Amino acid sequence: MKSFDYVITDPVGIHARPAGILVKEIKKFAGSTVTITKGEKSVNALKLMALMGMGIKQGDTVTVAVEGGDEEAVAAAIEDFFKNNL
């Protein structure tokens with residue numbers, strides 16, 4: 001398992017638009033499971049409604065964990081997505 005922490009910088013956090021784009025990005029990596037954790041809550045990053053329901057706001061720290069497939073490459077791609085979009 002490969003994981004990284006990220007502090008959300010988007011002024012409105014993870015809302016519908018970036019969450020939808022994130023789900024599309026993660027779908028590119030079939031065979032990998034991506035989990036996003038904030039505090040005590042963890043969700044599969046492919047579950048759009050669950051992801052939005054976490055209430056992730058600007059300044060929140062999330063942990064992104066990747067399992068399966070090419071974990072290093074998938075984690076790097078998702079981390080780049082977070083830096084460029086969230």
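Trainee: At roughly what angle do the axes of helix H1 and helix H3 cross?

Mentor: Good place to start, and keep in mind that this is a predicted model. Two packed helices are described by the angle between their axes and the distance between the axes. Here H1 covers residues 16-27 and H3 covers residues 71-85. Their axes come within 11 Å, and the crossing angle is roughly 160°.

Trainee: Are H1 and H3 roughly parallel or roughly antiparallel to each other?

Mentor: Let's use the angle: the axes cross at roughly 160°. Angles over 145 degrees count as roughly antiparallel. The crossing is also right-handed. H1 and H3 are therefore roughly antiparallel.

Trainee: Which residues in H3 are met by residues in H1?

Mentor: From the H1 side, Pro18, Ile21, Leu22, Glu25 and Ile26 take part. The residues of this contact divide into seven nonpolar, no polar and one charged. On the H3 side, the partners are Ile78, Phe81 and Phe82.

Trainee: Now the sheet: which are the edge strands?

Mentor: Four strands form an open sheet with antiparallel pairing, in the order E1-E4-E2-E3. Neighbouring strands are turned by 20° against each other on average, direction ignored. An edge strand here pairs on one side only, and that describes E1 (2-7) and E3 (41-44).

Trainee: Which residue in E3 does isoleucine 36 stand opposite?

Mentor: Look at strand E2, which spans residues 33-38. E2 pairs with E3 in the antiparallel sense over four bridges. Opposite isoleucine 36 you will find valine 43.

Technical notes. Residues are numbered from 1 along each chain as its sequence is written. This is a predicted model: local features need pLDDT of at least 70, side-chain atom pairs count only at pLDDT 80 or more; totals for chains, interfaces and linings use all residues. Side-chain values use heavy atoms; hydrogens and water are left out. Axes are lines fitted to C-alpha atoms, for helices over the stretch in contact, and angles run from 0 to 180 degrees between N-to-C directions. Helices (H or I, at least four residues) and strands (E, at least two) are DSSP runs, numbered from the N terminus. Angles under 35 degrees count as roughly parallel, over 145 as roughly antiparallel, 65 to 115 as roughly perpendicular and the rest as oblique. A crossing is left-handed if the near helix is turned anticlockwise from the far one by less than a right angle, and right-handed if clockwise. Contact means heavy atoms within 4.5 Å. Ala, Val, Leu, Ile, Met, Phe, Trp, Tyr, Cys and Pro count as nonpolar, Asp, Glu, Lys and Arg as charged, and the others, Gly among them, as polar. Two strands pair if DSSP finds at least two bridges between them.
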